[in-house]
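Biologist: I am new to this structure and would like a close look at a single part of it, a place where two helices pack against each other. Please take me through that part slowly, and then set it within its surroundings.

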Amino acid sequence: MSDIFKSLLGIIGERGVSNTPEELWFYSRDPGVLTPHLPDFVVAPKTTEQIQKVIQLANQEKIPIVPMGNGMALTGLVIPLKGGIVIDMKRMNRVLEVNEKARYAVVEGGTSQGVLKAFLQDHFPHLRHSLPDAPPATTIAANVALHGQGRLTQQYGFNSDMVTGLEVVLPTGEICRIGSPSLGPYWFSKSPSLPDLSGLFLGWLGTTGILTKVGLKLYPNKKMRDVELFVTDRVELVSEILYKLTHLEMLEDINIWFQPMPLVFKDNYHITIYFTGDTEEEIEFKRKMIWDAVQEFIDTKDAGFMGLGYMKGTLLETPQRSLAAFADVPKGGGFEYSGPITLIEFFPQYAAKVIELAKKYQLLYASSARVISGGHSMMFSISFAFNRADSAMMTRVKEALSEATEFALDMGGLPWKPNFVEQKMTLERMDPNTRKLLEMVKKTLDPQGIMNPGNWEVS
Amino acid sequence: MEWAHQIEHADIVHRCFRCGYCKFPSDYVDFNCPSYKAFGWDTYSPGGRMWLIRAWLNGEIETSPHFAEILYSCAACDNCKEQCVFPRFKDLLPEIFQEAKEALVNEGKIPPPVRDYFKAIAVNGNPYKLPGEERGKWAEGTGLQHFSDQEYLFYVGCVGSYDEVGQKMARHVGILLRDLGISLGILGSEETCDGNEVNVLGETGLFANLAEENIRQFLEKGVNKIITLDPHAMNAFKRDYPELGATFQVFHFTEILAKLINEKTIAPLEYRTKVTFHDPCYLGRHNQIYTPPRKILKSIPGLELVEIRRNRDDAFCCGGGGGNFFTDIIGQGEDSPARVRFREALDTGASILAVACPQCAKMLIDAAKAEGKEDNLKIMDMAEIVMKARSK
């Protein structure tokens, strides 16, 4: 038994450390298309102090550390590119606090989206958080660490904008609190009126520390939710329709999707409009406002509302289980997407690119965009389903997504949760002084380069 | 010798996305896969298991004691089948796990407790390594008749025959049904293992022998209708035996009790107490029997039925399924499913935890002891509760 393994056992205990071929194989990969790489050890801590000790050990031995939630980014962010220790955070799965009146929750770093949703439904049914459409096993900390989005992103911005405080174990082993919890017991602000240190961790994909606690804003959970589906076959009108809808300032969420199969959806652009209310009157008022906002497109016969029928329940489900089911359309269990953050006005160009890529690489596409923060930007998902048993198809997906990222960068977009190759592409195009600043921050925080190495590496 | 691993559904194993829906109940309140809850590694979740089976079929990992432990820690509770988002594929998950275990059986690379379990069944006809003659001892003093031409065979199974908790439950059920006028007989020392766990653990050859022998005996004795004590036995009789030619009508005892309540044969007296009910996986998710036990409890005047947070098709398994009752591969400890489930039942504030399966009963009684809370929540079987209500 190696000394490191013994040390890890001493820190976490027998059931929390593994170097068996089975765990190493599993934790060497994610469900995406990137090549796996074996870790040396996998650990599953239950406390911040255990993580601190693991990081202290990793510093001493110069071993890479890779934090992992549920591994659902799909872009290889939890693949231990340089081996080392994968830290499975999911045993830290508790909701620690809800401040009802200040509307925030504090959760442990491995808490899943599903657990927080259920906890709020049980104990604070009038509160909710911005639930992503990713499977419920995905963790809140991982989601904010990669600037994830959720059901309330249209109204309130990226889920990382909703953070109200952090506890982080730094790459050098110190436990550090960010925002209001650094000064007192309350988790109501990640920065104002302090310098915003949360930016040292949010969006860094686990390369600057491990989030062991996250404070998160909660929002009113209205008694009713409803949905309308507005459809046009004129892609050039989508951004204008979205501009009218976001002007209302009253919508929960807006998603735009298009896909070639089943054929009933082919060549149409579907704008799913979610809205909420506490009374029927409020719902009907908002419905009228929505209809009024897009009436001109109906009058010109360029667009119209689609009867929802059987789809309504599916669309209102949170998280939407049917999205995961897309992975099995080619009977292959694989699904990956590139989701650049970009301007809504570029929707037609991105839509054309998806169709072009699908044709070029002979892939099945489904594209979905989400309006962010009242229309300041959107996440445009270029999604391909693949057959995991077909390695040639997986290679084509990889190439198509790489080309999609090139395109997004050409268009001035920002790759979302980029894989290590896309990060390099991004860094190459970045303003040199910005890149230098990034490098300075990373080197200062992680002098030994042990945190999720291979990611956001400037040099 | 190099083995080319093979299972019947090898061609679809890659379709698991490992999205993790299978780990949860429908509202995501906690992890609902017993082995994942106990071990905490993704490899012990249904998705992890599925991905490892694929790696093993592809020769990327070898058969090992740890791989076998991962497969055999599955409690066969069917939560994954209930929650997986892929239509049709989801129905095959338990079969794929069972096929992989069968392959390990064929390779002779199964965990020692599983091997010992099979051996005990093969040699003794029961996992307790006790003589077959002792199988009917549980009924001594009850006055229950040997099966001859009664309407029902009351089949108690291995746990009901040999385990102290199971025997008590078998006596309660047998006596109650008889007292309510049900025409039933038992097989006593002639009874043998139903094989449900043998099958789930992958010893399909042994299972076929047991099933064929049981079917032969039942036919020879003129059995048409069977009441089982154990939902596991009911599952084998209802779901697997017909493939081997069985045509018996099979009921769980709670179905019979609920029918008697419907017919007003049972008229319970007032029993002021607060009760919660644990859904056994083989009664609930496997066979969709959720209403009868609740109907029985609700028929008792003064009895307040409160549900455990996770109930019906979201119920959390006690961890005894998939042979773990005997092999204990999931193991003990604070995160063991039975202790988690007992704590969840305790949270209801009930005084009684009602059980309908002898395996669940034993698991939860042991969990109550481990938690040091035997006095806070009394575990009673459904028949015992009805008997108490009738004697008030």
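Modeller: A crossing of two helices is called left-handed if the near helix is turned anticlockwise from the far one by less than a right angle, and right-handed if it is turned clockwise. With that in hand, and keeping in mind that this is a predicted model, we can turn to α11(A) and α12(A), whose crossing is right-handed. Helix α11 of chain A covers residues 347-361 and helix α12 of chain A covers residues 391-410, and their axes come within 10 Å and cross at roughly 150°. Angles over 145 degrees count as roughly antiparallel, and α11(A) and α12(A) are therefore roughly antiparallel to each other.

From α11(A), the residues that make the contact are Lys353(A), Leu357(A) and Tyr361(A), while α12(A) brings Arg396(A), Glu399(A), Ala400(A), Glu403(A), Ala404(A) and Phe407(A). Sorted by character, the residues of this contact of α11(A) with α12(A) comprise five nonpolar and four charged, with no polar ones.

The chain that holds this pair has 14 helices and 19 strands. Its C-alpha atoms fill a box of roughly 75 × 55 × 45 Å when taken along the principal axes. For 459 residues, a compact globule would have a radius of gyration near 23 Å, and the 22 Å of chain A agrees with this.

Chain A also has a partner, for 32 of its residues are in contact with 32 residues of chain B. On the side of chain B that touches chain A, α2 (46-57) and α3 (65-72) of chain B each supply at least two residues, and α2(B) gives the most, with four residues. That side of chain B divides into 18 nonpolar, seven polar and seven charged residues.

A helix pair in chain B can be set beside the one we began with. There, helix α8 (residues 164-179) and helix α17 (residues 382-391) have axes that come within 8 Å and cross at roughly 50°, which makes α8(B) oblique to α17(B). The crossing in which α8(B) passes α17(B) is left-handed. In α8(B), His172(B), Val173(B) and Leu176(B) meet Ala383(B), Glu384(B), Val386(B) and Met387(B) of α17(B), and the residues of this contact divide into five nonpolar, one polar and one charged.

As for confidence, chain B averages a pLDDT of 96, with 99% of the residues scoring at least 70, and the model as a whole scores ipTM 0.96 and pTM 0.96.

Key: Residues are numbered from 1 along each chain as its sequence is written. Chains are lettered from A and ligands numbered from 1 in the order in which they are written. This is a predicted model: local features need pLDDT of at least 70, side-chain atom pairs count only at pLDDT 80 or more; totals for chains, interfaces and linings use all residues. Axes are lines fitted to C-alpha atoms, for helices over the stretch in contact, and angles run from 0 to 180 degrees between N-to-C directions. Angles under 35 degrees count as roughly parallel, over 145 as roughly antiparallel, 65 to 115 as roughly perpendicular and the rest as oblique. Two residues are in contact if their C-beta atoms, placed from the backbone, lie within 7 Å. Ala, Val, Leu, Ile, Met, Phe, Trp, Tyr, Cys and Pro count as nonpolar, Asp, Glu, Lys and Arg as charged, and the others, Gly among them, as polar. pLDDT is the predictor's confidence in each residue, from 0 to 100. The radius of gyration is taken over C-alpha atoms; the globule rule is 2.2 Å times the number of residues to the power 0.38.
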